[in-house]
Structure formats: C-alpha cells, structure tokens
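Please open the model in your viewer and keep the selection tool at hand. The stops below go from one selection to the next, with a note on what is there.

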Amino acid sequence: MLKGESGIRTASTPKQSVEMSDRAEWSYIGFLALLTATPALATDMYLSAIPTIARQWNSSESVISLSLVLWFVAFSLFLLVWGPISDRTGRKPVLITGLFVFVASSVLCSVARNPAQLIGFRILQGIGAASPSTMVMAICRDRFEGAVRQKVLGFIGVVMPIVPMVAPAIGAGVMVVGSWRWIFGVQASLATVSLCLSFGYRETAELEAGGGVVDAFRRYGRLLGNGRFVAANTTMGLAVGPLFGFIAFSPIVYQKIFSLSEIAFAFLFGTNALAAMLGAGLCVRLSPKVSQYRLLTISFIGVLVTGVGFLAVGGVHAFVFAGLMAAASVCIGLSRPLSNHLVLEQVAHDIGAASSFLVFYQGMVGAVCMWYTCRPWPTPILAFGVLVVALSTLILTVWPFLLNALRAGDRPPSQR
C-alpha cells in the first residue's frame, strides 16, 4: 500500500501533488487517519471506566482523572521532542519508535496495581502517542501542497471523529464482558496494526543537516521568531479547549450529574464525535466555495453561542447538554482543518518542529482545560460554560488583528 510512494526528497525535487480519486492516495490518507486515531484510542476508550477504577481502588475520580490529564501533559511535551528529531532522522524511525512505546505501555497499563502505577504507565503511553500524532501533520506538510493539503486534512477530519464516536462504546462493551484492564489490551492490539503498517511507509521528509540534538531544538527558536506562525498558532489553538475539556468532563456530567449508564454515556459521547465529523465534512464541502477566513469566523461565533447556551440551560437535561455540545463540536470540527492548514502555511522550513509545536500547543491547551473541568466545582456545568465563553471571547477579540496579518501574508510583497 505504502511502498510505492517516493523516497526522501531533495531540494531540487518538487513536492508531490495528488489526484484525490487515485486509490493508492486514498489508502495513504487512510494510513494517516489510522495514525491519528492512536491518541483518541488512548483517551476515549477508557473514559467510562474511570468511575469503576476509582471504586475498585477506593480512590477519588479526580485522582484517577490525573491518568488522563498527565497523559496529555506528557503527550504534549514529547511532541516537541519527536518533531525536530524527525527533521534530522526522518519520519519513519520516529513513527516506529513511538508506536512501539505506545504498545508496550498499554500492556503495562493493563497490569497496573494501584493509581500511581496507572498514572506512571499512562504518562509513558502519552510519550509514545505523541509520535504518530505529530508525524501525521509533518507527513501532510511534506507530501501535499496548498488546496490539496487542505482537502487531505479535511478528509482526515471527517474520518477521525469515528474513533471517539465508537471508542467509548468499545470500552463499555469490553467492561460488560470483562475487566477494565482488557481495554488497554485492546488499545495495544489496535496500535500494533499501525506499527506493522508503519514498516511499509516510505520516507517523505527532506532531511535537514544539523549539529545534534541542541541544533534540532534551535529550530524552535526560529519558529518563535516567525510572528505570523506564533500569532496564528496561539490564537486558533485555543479553539480546541472546549472539546478537550469536554473529554475529561463527560464522565462527570453524564454518569455523575445526570446518572446515566455506561452504555448511555457511550451513545451521547458518540453523537458528539459524529457532530465533529459533520463539521469536518462541511469544511470539505464549503472550503472551495467560501473563504476560509469567513468559515473560521462563523465557527468561532458558533462556539461562543453554544457557550452562552451552557450558561443558560446546560443543566436542564442530559439531552440539552448533549445538543449544545454537539453544536459546539460541529463548529470546532469545521474550524480545525482550516486552522491547522493556516498555521502550517506560515512556515517553509523546520516543518517537523512546526507540526510538533502546533499539536503541542493544542495538547497543552487541552490539558489545562481538562484539569479545569475536573475540579470539584459546586456547579460544574456552569463552570464548563464559563470556559467555553471565555475561550471563544478571547479568540474573537484577537481574530480581526490576526486576520489582517494573515491576509497581508497572502499578498505579494509589492502589494503589502
């Protein structure tokens, strides 16, 4: 499937463009989507098990939730490690190493004996999951250009919500027939498939010369000197906050506040993922016809409106909360392919480092939002609504200034 792709590019070799109808290219996109699924498998599949694990070990849910929050911290930090290394060694060695770490740590999670061990093994799992996550962005930037890359990111955005849509149901189903420990065994098995396919991937990176690890990390200094990249990444990366906050908050709101079963939780969580897939699908259909800047503006306003809805009626009923979250997910799903594309468009070199920093920042935003939503608030749904409104308001405040900067960057130098 993947062996037919071209090897490492040189400076004189043009970047490939693809016909989206070609079966081999669809297989390639499917491979990228499978890699992107790794982090979702590691988080969403065991969400419904958190209350059960807490009861079994006579611990609090907030302590067990640290296995989710600290997973994201480790995941985000190691995005910064894998990206620049891949610029020097290639994407393939990093991809295989990270997936191997993920599989091994998943097996260790399945035999954990206390909260401390589970948290420690989950941190190791987050380190491994960071590799395929950042390599997907880097490979897209290596292989595809312009509108084609935007379309590829959009199609991946359509496919990927399927994973969080079915993952909680898989986890709940596993717990019906066995222990929560089996969930991590399933994670290890599925990630092994990605690991095997990665051996057939042909390198796409244009390797950059450098003087060791220190030089690799100097690339981040160059990125931080790119004003448009920093501004675009910092602003648009905040848009994922409500979605990540919901991931950690979902067992609390559905199972604790609204007293739903594990199966009902999996169903409502899945409809949320379906909504995100709908948003990504709208992005694919609308982006050729509507300005990407206009679509982003609409999506940011839409999230703000749903945040006001959470404050007003979010606690009325589980279905009301789920409906509001689905609307927010449509808007976020609409914005993510466009925002990721715009951020990566601001760089011409150090692509692995840029991809790492993009996902790192989103992961750290997500970890903070997860920590926030898992706090013992007296009115948790109200606190969640405050988070959604605050992030959306901040984005929309900065957006007009960022929009001018990005549009100026689109113009030829003589017209700026």
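Begin by selecting phenylalanine 78, where helix α3 bends by about 30°; keep in mind throughout that this is a predicted model. Extending the selection to residues 61-89 displays the whole of α3, whose 29 residues reach 41 Å from the first C-alpha to the last, close to the 42 Å expected at 1.5 Å a residue. Moving on to glycine 90, just after α3, you will find a backbone with a positive phi of about 105°.

Before the next helices, zoom out to the full protein chain, which has 16 helices and zero strands. If you colour its 416 residues by burial, the buried ones make up 58%. A contact map of the protein chain, restricted to contacts with a separation of 6 or more, would have 84% of them between residues 24 or more positions apart.

Next, select residues 91-110, which form helix α4, together with residues 181-198, which form helix α8; the two pack at an angle of about 165°, with their axes 8 Å apart. Because angles over 145 degrees count as roughly antiparallel, α4 and α8 are described as roughly antiparallel to each other, and their crossing is left-handed. To see how they meet, show the side chains on both helices: the residues taking part from α4 include Leu95, Leu99, Phe100, Phe102 and Val103, and those from α8 include Phe184, Gln187, Ala188, Ala191 and Leu195. Polar residues belong to this meeting too, among them Ser106 and Ser110 in α4 and Thr192 and Ser194 in α8.

Now turn to residues 318-345, helix α14, whose 28 residues should span 40 Å at 1.5 Å a residue, a value with which the 40 Å between its end C-alpha atoms agrees. Within α14, select arginine 336, where there is a kink of about 30°, shortly before proline 337. Colouring α14 by accessibility shows a mostly covered helix, with 22 of its 28 residues buried.

As a last selection, take serine 335, which also lies in helix α14. Is serine 335 buried or exposed? Serine 335 has a relative accessibility of 2% and therefore counts as buried, the cut-off for that class being under 20%. To find what surrounds serine 335, leave aside its neighbours within four places in sequence and display the residues still in contact with it, which are Ala239, Leu296, Ser299 and Phe300.

Definitions and conventions. Residues numbered from 1 in each chain as written. Predicted model: local features only at pLDDT ≥ 70, side-chain atom pairs only at ≥ 80, totals over all residues. Heavy atoms only, no water. Helix = DSSP H or I, 4+ residues; strand = E, 2+ residues; numbered from the N terminus. Expected span 1.5 Å × (residues − 1). Bend = angle between axes of the 7 residues up to and from the residue. Buried < 20%, exposed > 50% of the residue type's maximum accessible area, 1.4 Å probe, protein only. Contact = heavy atoms within 4.5 Å. Axes fitted to C-alpha atoms, helices over the stretch in contact; angles between N-to-C directions. Parallel < 35°, antiparallel > 145°, perpendicular 65-115°, else oblique. Left-handed = near helix turned anticlockwise from the far one by under 90°.
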